[in-house]
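Please open the model in your viewer and keep the sequence panel beside it. The stops below are meant to be selected one after another.

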Amino acid sequence: MASKKIKQHLPLNRVDKFFSESEFDLEVQMGREWLEGDLNTIVVLFRVDLSKTIVDDLYGESKTKHYLPPVELKVRIDSLEESELETRDGGVSARESQLKMSLSIFTEQLVEKNCEVSRGDYLGYNDGVKGMRYFEIINADNRNFSLNKTIMGYKSYWRRLTAIQVDSDVFNP
């Protein structure tokens, strides 16, 4: 008996029966209109210029960083809260309170502004009370395909960035 070779069918396109590309675009457009128009929360992105920044070979750190021109981004601040960080100073452990920010941004906005957010970049946020605060991005959500970041499992359209507040001796533009 000859074995039959079973051809696997892998769909190349999504079936547009319930949700099409035009419906996806409309949903994203309405979301962006709310976030960028009505909400209108702005942060300033300071991207590290990796081509000009000299990095230490051992730890991959740099004392003097060079930056690309700042970019204004319209975002949604999901949370801005105190978090505890454990620090070591001279062998002594201590808990230090630090402000942690989580924010959402539409991927399409980053494409339009031709900028990519990376871990180690900085954000400036004016909270209206204490003035401009600066945060270092600790999670840029570069691998952002998960079902909660899609519309009906269609495709990813937003990212969640996480950043921690830094002192002026770490970053001061």
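The tour goes from the whole chain to two loop residues and then to the paired strands.

Before selecting anything, note that this is a predicted model, in which local features need pLDDT of at least 70 and side-chain atom pairs count only at pLDDT 80 or more, while totals for chains, interfaces and linings use all residues. Residues are numbered from 1 along each chain as its sequence is written, and side-chain values use heavy atoms, with hydrogens and water left out.

Begin with the whole protein chain in cartoon view, where you will find two helices and six strands, with helices (H or I, at least four residues) and strands (E, at least two) taken as DSSP runs and numbered from the N terminus. Followed along the sequence, these elements give the pattern α-β-β-β-α-β-β-β. Switching to a surface view, the accessible surface comes to about 12,500 Å², and 50% of it belongs to carbon and sulfur atoms; such areas come from the Shrake-Rupley method with a 1.4 Å probe, and for residues only the protein chains shown count as cover. Of the 173 residues in the protein chain, 34% are buried, where buried means under 20% relative accessible area, exposed over 50%, and partly exposed in between (1.4 Å probe, protein chains only).

Next, select Asn 40, which lies in the loop between α1 (21-39) and β1 (41-46). Its phi is near 50 degrees, a positive value in a residue other than glycine. Is Asn 40 buried or partly exposed? Asn 40 counts as partly exposed because its relative accessibility is 38%.

Move on to Asn 114, in the loop between α2 (107-112) and β4 (122-126). Here too the residue is not glycine and phi is positive, near 55 degrees. With a relative accessibility of 66%, Asn 114 counts as exposed.

From there, select β4 together with β5 (residues 132-139), which pair in the antiparallel sense over five bridges; two strands pair if DSSP finds at least two bridges between them. Centre the view on Gly 124, which stands opposite Tyr 134 in β5. The hairpin of β4 and β5 has five residues between the strands, and in this hairpin Gly 128 takes a positive phi near 85 degrees.

Finally, keep β5 selected and add β6 (residues 158-165), for β5 and β6 pair in the antiparallel sense over four bridges. The residue to label here is Glu 136, which stands opposite Ile 164 in β6.
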